[in-house]
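Welcome! Here are some exercises to work through with the sequence and the 3D structure beside you. Try each task before you read its solution.

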Amino acid sequence: MDELADELESGSIPPPVPSPPPVEDAEASAAEVDDEPPPEAILATSMELPGGGGATGRVRAPIAAAEEPGVAVSGGPTLVLLSDGRELDRVVKDRFLIGRGKHCDLIINSGKVSREHAAITREGSTWFIEDLGSSNGTWFEKRRISRRQIQEGDEYYICAEKLSCSFR
């Protein structure tokens, strides 16, 4: 141990060189920032704000809804998500993610919607909607919710984007 201290003091062992900072991948960074969906992927165009506030964003499903093995819902009625009476999506997984991130099952293209805003989960034959700590909230009957059991005909707002629920 004393020999090592002597070598350090004498300068025969150079001090450690700090490693350079990691180089950022420009392509990966651009992909993280770019949340604008390609035009051909948009299903529903504009959705109105409550109270006539005008169009805020677009709601779309992913181009190819990637179904993960082992998460498909079996048996019981299917939960259908609607907007202005038009079907947006059918929940076919035990965990269905809603947000503006490209990886979400239902993508809402609005700057007010969090990347991972809310999730719909199935527990047995019961469906729940849960806010995932979003900035602008998930709302039911003018109240912000954190988690709620979904009933036939419920209308939820993801920020200002209205989603109606139906079982079929």
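## Exercise 1: A strand and its two faces

Strand β3 (residues 79–83) is mostly covered, with five of its five residues buried. Buried means under 20% relative accessible area, exposed means over 50%, and partly exposed lies in between (1.4 Å probe, protein chains only). Strands are DSSP runs of E with at least two residues, numbered from the N terminus. Before going on, note that this is a predicted model: local features need pLDDT of at least 70, side-chain atom pairs count only at pLDDT 80 or more, and totals for chains, interfaces and linings use all residues. Residues are numbered from 1 along each chain as its sequence is written, and side-chain values use heavy atoms, with hydrogens and water left out.

**Task.** Find which residues of β3 lie on one side and which on the other.

**Solution.**
- Step 1: In a regular strand the side chains alternate between the two faces of the sheet.
- Step 2: On one side of β3 are Leu-79, Leu-81 and Ser-83, and on the other are Val-80 and Leu-82.
- Step 3: Both faces are covered, since these residues are all buried.

## Exercise 2: The partners of β3

**Task.** Work out which strands pair with β3, and in what sense.

**Solution.**
- Step 1: Two strands pair if DSSP finds at least two bridges between them.
- Step 2: With strand β4 (residues 86–91), β3 forms an antiparallel pair over five bridges; here Leu-82 has Glu-87 as its bridge partner.
- Step 3: Two residues separate the strands in this hairpin, and Asp-84 takes a positive phi near 50° there.
- Step 4: With strand β13 (residues 161–167), β3 pairs in the antiparallel sense over four bridges, and Leu-81 stands opposite Cys-165.

## Exercise 3: The nonpolar core

**Task.** Name the residues with the most contacts inside the largest nonpolar core.

**Solution.**
- Step 1: A nonpolar core is a set of buried Ala, Val, Leu, Ile, Met, Phe, Trp, Tyr and Cys residues joined through side-chain atoms within 4.5 Å.
- Step 2: The largest one has 21 residues, and Leu-79, Leu-81, Ile-98, Ile-120, Ile-150 and Ile-158 have the most contacts inside it.
- Step 3: Among the strands that each supply at least two residues are β3, β4, β8 and β13.
- Step 4: Take Ile-158: leaving aside neighbours within four places in sequence, its contacts (heavy atoms within 4.5 Å) include Ile-98, Val-113, His-117 and Leu-163.

## Exercise 4: A serine in β13

**Task.** Decide whether Ser-166 is buried or exposed, and find the residue whose side chain it joins in a polar contact.

**Solution.**
- Step 1: Ser-166 lies in strand β13.
- Step 2: Its relative accessible area is 9%, so Ser-166 is buried.
- Step 3: A polar contact is a pair of N or O atoms within 3.5 Å; within protein, one must be able to donate a hydrogen and the other to accept it, and residues adjacent in sequence count only if both atoms are side-chain atoms.
- Step 4: The side chains of Ser-166 and Glu-152 are joined by such a contact of 3.1 Å.

## Exercise 5: Two positive phi values

**Task.** Compare where Lys-142 and Cys-159 are placed.

**Solution.**
- Step 1: Lys-142, with phi near 60°, is in the loop between β9 (138–140) and β10 (143–145).
- Step 2: Cys-159, with a positive phi of about 60°, is in the loop between β12 and β13.
- Step 3: Lys-142 counts as exposed because its relative accessibility is 80%, whereas Cys-159 is buried at 14%.
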